[in-house]
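Here is a briefing for a first look at this model. It goes through the contacts between chains, the ligand site and two single residues.

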Amino acid sequence: MTLNVTQEWQGVLDKIKNWARINSPWAIHYNSGSCNGCDIEILATLTPRYDVERFGIKLQGSPRHADVLICTGPVTRQSRDRLLRIYEQMPDPKFVIAVGTCAISGGVFQGCYNVIGHIDEVIPVNMYIPGCPPRPEAIIDGVVKLLTSLQAVPESATA
Amino acid sequence: MDVRLETAVSLTKPWATETAEPAPYRLDVSLERENLLPVISALFAAEWGYLSAITGVDLGTAVGVVEVLYHFCEGPCIVTLRLRVPYDDAQIDSVCSIIPSASFFERELSEMLGITIVGTPNADRLFLPDDWPLGVYPLRKEYVMQG
Amino acid sequence: MMTVAAPTTQKSEKFIVPIGPQHPALKEPGHFEFAVDGEIVTDATVRLGYVHRGIEKGTESRNWAQNLYLLERICGICSHTHAFAYVLGVEQLAEVEAPPRARAIRMVVAELERVHSHFLWLGVGAHEAGFDTLFMYSWRDRETVMDLLESLTGNRVNYSACVLGGVKFDINGEQTKGILEGLDFLEKRTHHYLNVIQQDALFLQRTRGVGVMTQQQARQLGVVGPTARASGVARDLRIDAPGQHYNDFNVNMILETDGDLAARFVVRIRDLFESYRIIREILSNMPEGDLVVKRMPRKIKAGETISRVEAPRGEAFYYIKSNGSEMPERIKVRTPTLCNMASVLTLTVGQHLADVPMILVGIDPCFSCNDRSVTVTQPSGQREHWTWEQVRRFGIEYYQRQGGQ
Ligand code: SF4
């Protein structure tokens with residue numbers, strides 16, 4: 001890669017990477033203190049009725065293989081470090097989706113002693129999906145919107 | 001009174017300082033702290049129900065006492081053993097030697113209300129985070145949440 | 001936790017295997033540590049708290065009505081159970097009684113929730129065993145229940161069906177028809193699943209004789225719900241302590257005696273049939289009348305009460321104390337998983353590490369009350385960290401090797 005790659009080639013490579021990323025983003029899911037409601041709905045999006053896998057979206061276990069981090073729930077004291085560590089282990093470029101009211105604002109758990117806040121107080125968030133919990137359709141819509149926004153990036157960057 | 005409750009009354013009688021029936025199918029037995037283990041052994045030996053929960057209730061700084069309730073359930077009947085644990089001598093015997101599965105309840109009780117459980121097999125924190133300050137007990141009334 | 005001497009036939013090598021705290025297919029984090037000797041578990045402990053939010057304290061600074069919504073969000077799987085137990089307790093304290101129609105509707109939602117929860121668990125259990133086809137099928141069918149719940153309540157999860165003194169919505173004729181049709185479909189599917197879990201040889205290899213809990217053990221450990229009923233302990237609050245609710249309609253006790261994982265699967269599936277029957281019975285005998293009591297006080301009389309509800313996973317226990325103000329003095333919640341968790345840790349001792357994921361899943365752990373991750377420590381002090389996924393794979397591959405022999 002660091003060989004004498006011309007700018008032109010670099011551009012083509014970037015395009016290919018971006019194309020691959022958009023067409024098959026791998027996601028990892030972390031629950032930093034949610035009630036499970038959001039998590040069930042995320043799981044539901046993978047199962048036959050909604051089946052996001054047909055769009056190439058794959059949920060898997062290791063942060064090192066993930067492009068997208070899907071977060072649910074408010075952030076508890078105990079899970080804060082874990083959330084940060086997962087985020088740091090992910091290769092660049094990485095994207096974060098906050099699913100559910102709790103992830104966005106702390107929701108009903110605001111002010112509880114073990115809740116330190118919402119996701120974007122700990123890591124940057126690219127996409128917010130509101131709802132308690134959001135319907136699977138809403139989650140899919142959020143993911144699609146995120147992917148669409150990615151499409152715009154390289155064109156402006158490489159143009 | 002339900003026969004099962006009557007059995008419970010007679011089982012706990014030797015140690016009870018007060019017995020009440022606050023609602024149908026419920027029995028409240030007040031005890032001295034020292035007598036916890038004998039009472040529980042008696043219930044256990046008679047196979048009376050199972051330990052459903054341990055509740056700690058802080059009565060406030062004015063009283064300086066935490067009330068600890070052991071709830072035993074059998075069918076519709078609930079027997080509650082009531083002990084008073086003063087702040088300045090916040091200790092209670094572990095019941096794990098008789099009921100091993102009480103370990104979780106005891107860990108919760110001790111971290112939330114600052115009660116030392118004497119002889120519990122595992123005194124690690126169960127719910128509170130590792131960086132939670134020592135000596136702060138969230139379910140004490142004096143602990144006020146910000147927010 | 002408890003220590004039982006493990007069979008030491010081979011030359012032993014001791015490890016500690018920590019599992020967790022995050023797992024792709026399951027929803028919540030948790031951290032377990034298993035000490036293993038060879039492949040046999042010799043000790044197990046757990047560290048929860050990744051999703052501990054401090055709800056019990058939170059209730060003390062919210063009013064009685066707000067708490068309903070907070071407590072409902074203890075768990076997104078059995079949200080109605082929590083709301084149900086809470087309103088029961090508060091109504092007892094306030095000395096009001098929900099009208100009969102409201103009681104019936106609460107039960108319908110409770111049973112639908114049980115159906116959704118058991119389907120969810122069947123899928124997760126199948127996934128842990130490596131049967132992803134069954135996982136996908138059961139979750140596909142689960143969508144039927146979700147549709148029914150949505151048609152009734154307007155939300156798929158966290159339905160907010162209960163309000164203090166009654167329920168929020170009515171069930172009309174069209175909805176009834178929808179529910180009955182949905183149940184017919186589910187019943188057919190459930191027969192199929194019962195068949196699979198009782199006859200599929202590969203599935204039985206992972207479940208039969210695994211994680212056995214005798215009746216005696218179940219009694220002593222104080223397990224609740226389907227986990228207890230699979231060991232022949234007749235413990236079902238819908239029958240034992242029907243309260244004002246299940247009095248109106250009778251429920252049959254579903255018991256299995258084997259006490260192994262297979263029995264825990266069978267009990268839950270048979271539970272489903274019972275739930276279908278109860279829902280049908282309620283719908284065809286729906287009492288008329290109001291949905292909410294005329295007057296529900298804003299301040300609740302001082303006093304204390306205990307309310308218990310049979311959640312999909314077993315007994316949910318609520319202790320509520322009021323000081324006569326608008327906010328509760330103390331609310332204690334003991335979820336069924338906490339009860340069953342201790343038992344399951346005891347059960348893993350002496351078992352194969354390969355069976356651990358299945359045994360844990362066997363109690364249908366609900367981790368909003370709990371967490372998971374694995375660490376392996378060798379006697380040299382070397383520590384390996386396993387994710388839940390690795391342990392799951394280990395289990396699946398172990399049995400594949402076994403099958404190949
Ligand atoms: S947004 Fe709602 S469903 Fe999601 S974690 Fe929070 S309370 Fe649960």
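Between chain A and chain B, zero residue pairs are in polar contact, counting pairs with both residues at pLDDT 80 or more. A polar contact is a pair of N or O atoms within 3.5 Å; within protein, one must be able to donate a hydrogen and the other to accept it, and residues adjacent in sequence count only if both atoms are side-chain atoms. The model is predicted, so local features need pLDDT of at least 70 and side-chain atom pairs pLDDT 80 or more, while totals for chains, interfaces and linings use all residues; side-chain values use heavy atoms, without hydrogens and water. Residues are numbered from 1 along each chain as its sequence is written, with chains lettered from A and ligands numbered from 1 in the order in which they are written.

**Chain A and chain B**

- The count of salt bridges here is also zero. A salt bridge is a side-chain nitrogen of Lys or Arg within 4 Å of a carboxyl oxygen of Asp or Glu.
- The side of chain A that touches chain B has two nonpolar, three polar and one charged residue. Ala, Val, Leu, Ile, Met, Phe, Trp, Tyr, Cys and Pro count as nonpolar, Asp, Glu, Lys and Arg as charged, and the others, Gly among them, as polar.
- Six residues from chain A and eleven residues from chain B take part in the contact, meaning heavy atoms within 4.5 Å.
- About 730 Å² is buried between these chains, and carbon and sulfur atoms give 57% of this area. Buried area is the accessible area (1.4 Å probe) that two parts lose on being put together, summed over both.
- Arg77(A), Gln78(A) and Tyr113(A) lose the most area to chain B on the chain A side, together 75% of what that side buries.

**Chain C and chain A**

- Here 42 residues of chain C are in contact with 39 residues of chain A.
- The buried area is about 3,400 Å², with 58% from carbon and sulfur atoms.
- Four salt bridges are counted between chain C and chain A. Glu41(A) forms a salt bridge with Arg156(C), with the closest N and O atoms 2.5 Å apart.
- Seven residue pairs are in polar contact across this interface, both at pLDDT 80 or more.
- On the chain C side, α1 (55–59), α2 (64–72) and α5 (132–153) each supply at least two residues. Helices (H or I, at least four residues) and strands (E, at least two) are DSSP runs, numbered from the N terminus.
- The largest share of that side, ten residues, comes from α5(C).

**The ligand site**

- Residues from chains A and C surround the ligand, so the site is shared between chains. A residue is near if one of its heavy atoms lies within 4 Å.
- The surrounding residues include Cys35(A), Cys38(A), Cys102(A), Cys132(A), Arg73(C) and Asn158(C).
- In chain A, α2 (37–46) and α4 (101–105) give two or more residues to this shell.
- The shell divides into five nonpolar, six polar and one charged residue.

**Two buried residues**

- Asp58(B) lies in strand β3 (residues 50–58) of chain B. Asp58(B) counts as buried at 1% relative accessibility. Buried means under 20% relative accessible area, exposed over 50%, partly exposed in between (1.4 Å probe, protein chains only).
- The side chains of Asp58(B) and Tyr87(B) make a polar contact (2.7 Å).
- Thr59(C) sits in helix α1 of chain C and is buried, with a relative accessible area of 1%.
- From Thr59(C) to Asp236(C) is 177 residues in sequence and 28 Å in space, C-alpha to C-alpha.
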